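Colleague: I am new to this structure and would be glad of a guide. Could you pick out one part and walk me through it closely?

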Amino acid sequence: MKMIDTEKLKLLKLVGLAIVTIVVLGLVFWFSFASTKPKTSTKETAPKTQQTKKMEGSELTATYVKDFLSAYFTKKDLGENRNRYLPFMSEAAYQQEINAEEEPSTQTYKGYVVDTKLKSSTVYIDGENHVVLVQVSYTQTQLQKKYDYTNAQKDVLSSSTLRIRYVKQDGKYLVGQIEPVLIVDTLTASQEAGLPTLNQPNTTQTIEGEEER
């Protein structure tokens, strides 16, 4: 009986050792798997906010208008800047501008009035009606002979006032019409007397006959 009990005891020890070994190996494997499992980053789970860049011309701003004026006025010669002001204009307005440039009276100045450069611009925006009033000054070179710079009059200063009507197409503001505007002076005698003398800056701006309040 003692021999049998001893054998059973050894067998139980072996079985118990095997069970313990399996449990230990299982725990080791589980901890190893848990430590190597990739951690979910909070950056990945957080919703990504994408900053959408606004399309140029989606808003009618002074900067956008001035970019057009720069392309429209700055040119080496008549028609040389067509590819630069085209992106700012509707198809109808662009064609109207081309037709105006092709007029015989306009073509007369081609080669004689060159190197036009925009010097400054003041922009007034009517956002509700998509209308812009601009006052611009620019310089030109005037030649006596076509494309001959001998005795050329350089940096001749000119100015003009334009009303630009915009249309919105495919989410972008485009020039729909350009027309010259005459600023009408409607000041009274007393208001004229109060104007600054020559060579002194005048900070009051009157638009299309609008009286100073």
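Modeller: Happy to help; what follows is a close look at helix 5 and its surroundings.

Please keep in mind that this is a predicted model. To get your bearings, start with the whole protein chain, whose secondary structure comes to seven helices and four strands. Along the sequence these follow the pattern α-α-α-α-α-α-β-β-β-β-α. The protein chain has 213 residues, and buried residues make up 24% of them. Among its contacts with a separation of 6 or more, 53% are between residues 24 or more positions apart.

Now to helix 5, which covers residues 91-101. Which of its residues are buried? They are Ala-93, Tyr-94, Glu-97, Ile-98 and Glu-101. These buried residues sit on the same side of helix 5, because they cover an arc of only 140° around the axis. On the face turned away from that buried side you will find the exposed residues Glu-91 and Ala-92. And what do the buried residues pack against? Their partners are helix 3, helix 4, helix 6 and strand 4.

Helix 5 also has a part in the largest pocket, which holds about 730 Å³ of space. Of the elements that line this pocket, helix 5 gives the most, with five residues. Helix 3, strand 1, strand 2, strand 3 and strand 4 also each supply at least two residues of the lining. In total, 27 residues line the pocket, and Glu-97 is one of those nearest its centre, along with Tyr-72, Phe-73, Lys-75 and Thr-106. You have already met Glu-97 as one of the buried residues of helix 5. By character, the lining divides into 14 nonpolar, seven polar and six charged residues.

Next, look just past the end of helix 5, at Glu-102 in the loop between helix 5 and helix 6. The side chain of Glu-102 meets that of Arg-82 in a salt bridge, at 2.8 Å from N to O. This pair links distant parts of the chain, since Arg-82 belongs to helix 4 and lies 20 residues from Glu-102. Are the two partners buried or exposed? Neither word fits: Arg-82 counts as partly exposed because its relative accessibility is 22%, and Glu-102 counts as partly exposed because its value is 44%. Salt bridges that share partners join Arg-82, Glu-101 and Glu-102 into one network. Glu-101, as you saw, is among the buried residues of helix 5.

Glu-102 has another point of interest, in Gly-79 from the loop between helix 3 and helix 4. The C-alpha atoms of Gly-79 and Glu-102 are separated by 9.0 Å, while their positions lie 23 residues apart along the chain. Gly-79 has a relative accessible area of 17%, so Gly-79 is buried.

A search of the whole structure finds five salt bridges, and strands 3 and 4 have a share in them too. Glu-179 and Arg-163 meet through their side chains at 3.2 Å, N to O. Glu-179 lies in strand 4 and Arg-163 in strand 3, so this pair ties together parts 16 residues apart in sequence. Glu-179 also forms a salt bridge with Arg-165, with the closest N and O atoms 3.3 Å apart. Here again strand 3 and strand 4 are linked, by residues 14 apart.

Conventions: Residues are numbered from 1 along each chain as its sequence is written. This is a predicted model: local features need pLDDT of at least 70, side-chain atom pairs count only at pLDDT 80 or more; totals for chains, interfaces and linings use all residues. Side-chain values use heavy atoms; hydrogens and water are left out. A salt bridge is a side-chain nitrogen of Lys or Arg within 4 Å of a carboxyl oxygen of Asp or Glu. Buried means under 20% relative accessible area, exposed over 50%, partly exposed in between (1.4 Å probe, protein chains only). On a 1 Å grid over the protein atoms alone, a cavity is a set of points where a 1.4 Å probe fits but cannot get out, and a pocket is an open set with protein on both sides within 12 Å along at least five of seven lines; lining residues have an atom within 4 Å of a point. Grid points are joined across faces, edges and corners, and a volume is the space filled by probe spheres set on the points. Ala, Val, Leu, Ile, Met, Phe, Trp, Tyr, Cys and Pro count as nonpolar, Asp, Glu, Lys and Arg as charged, and the others, Gly among them, as polar. The arc is that of the directions from the helix axis to the C-beta atoms. Contact means heavy atoms within 4.5 Å.
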